[in-house]
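Hi there,

Here is the structure I promised to pass on. Have a look at it first, and then read my notes below.

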Amino acid sequence: MSKRPDSAALPDFEDPAYQLPATVAQNRTRVKKGFWRKLLRVAGRVPFAEEAAAAYYCALDPKTPARVRATLLAALAYFVTPADFIPDVIAAFGFTDDATVLMMALSVVSGHLTEKHRAAARMALGKTPPQAPQENPENQPR
């Protein structure tokens, strides 16, 4: 009969140091699979679509610190997860919990959300400002 190794030989998987990387990886996978599908489906009904998209780009930016990525991925995973505290199908209140979680996360990490992330969000949502007309000396008034 084989003997199991004693507990000193195995890591303590209850220790948060072992759980956090797995949770962040799970959130990243969940967000990458479902974020755009859900956001594009509900973008017209949620006033925070641009902030959510900017958070997405910030969370996937390798230059963003790991703790900031973990915070944003957790908030975005909550947005993507179909089982909410307040179901999204409830008119006028369905996205209040999603908005609250996301806005709280953004308030904590807002210094890491760059103009590059915001511009990518606007572009992805089709909100890029129109290009200024190119200056053409031939068309200038004299």
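**Notes on the loops and α2**

Leaving aside residues up to four places away in sequence, F48 touches F79, F95, D98, A99, L102 and M103. Please keep in mind that this is a predicted model. F48 sits in the loop between α1 (16-42) and α2. Its relative accessible area is 4%, under the 20% cut-off, so F48 counts as buried. One of its partners, A99, is 51 residues away along the chain, yet the C-alpha atoms of F48 and A99 are separated by 6.8 Å.

Stepping back for a moment, the protein chain has 5 helices and 0 strands, so to speak an α-α-α-α-α run from the N terminus on. Of its 142 residues, 31% count as buried. Among contacts between residues at least 6 apart in sequence, 64% join residues at least 24 apart.

Now to the helix that follows F48. Helix α2 covers residues 49-60, which makes 12 residues. At 1.5 Å a residue they should span 16 Å, and the end C-alpha atoms are 17 Å apart, so the two values agree. The buried residues of α2 are A49, A52, A53, A54, A55, Y56, C58 and A59.

How does α2 lie against α3 (residues 66-80)? Their axes come within 9 Å and cross at roughly 140 degrees. An angle over 145 degrees would count as roughly antiparallel, so α2 and α3 are oblique to each other. The crossing is left-handed.

Which residues of α2 and α3 meet? On the α2 side they are A52, A55, Y56, C58 and A59, and on the α3 side V68, R69, L72, L73 and L76. By class, this contact has 9 nonpolar, no polar and 1 charged residues. The spacing is worth a glance on your screen: an α-helix has 3.6 residues a turn, so residues three or four places apart point the same way. A52, A55 and A59 of α2 are in the contact with α3, and these three are also among the buried residues of α2.

Finally, there is D61, in the loop between α2 and α3. Is D61 buried or exposed? With a relative accessibility of 9%, D61 counts as buried. Not counting residues up to four places away in sequence, D61 touches R69, K116 and H117. R69 thus turns up twice in these notes, as a partner of D61 and in the contact of α3 with α2.

Happy to hear what you make of it.

Best wishes

Technical notes
Residues numbered from 1 in each chain as written. Predicted model: local features only at pLDDT ≥ 70, side-chain atom pairs only at ≥ 80, totals over all residues. Heavy atoms only, no water. Helix = DSSP H or I, 4+ residues; strand = E, 2+ residues; numbered from the N terminus. Expected span 1.5 Å × (residues − 1). Buried < 20%, exposed > 50% of the residue type's maximum accessible area, 1.4 Å probe, protein only. Axes fitted to C-alpha atoms, helices over the stretch in contact; angles between N-to-C directions. Parallel < 35°, antiparallel > 145°, perpendicular 65-115°, else oblique. Left-handed = near helix turned anticlockwise from the far one by under 90°. Contact = heavy atoms within 4.5 Å. Nonpolar A, V, L, I, M, F, W, Y, C, P; charged D, E, K, R; others polar.
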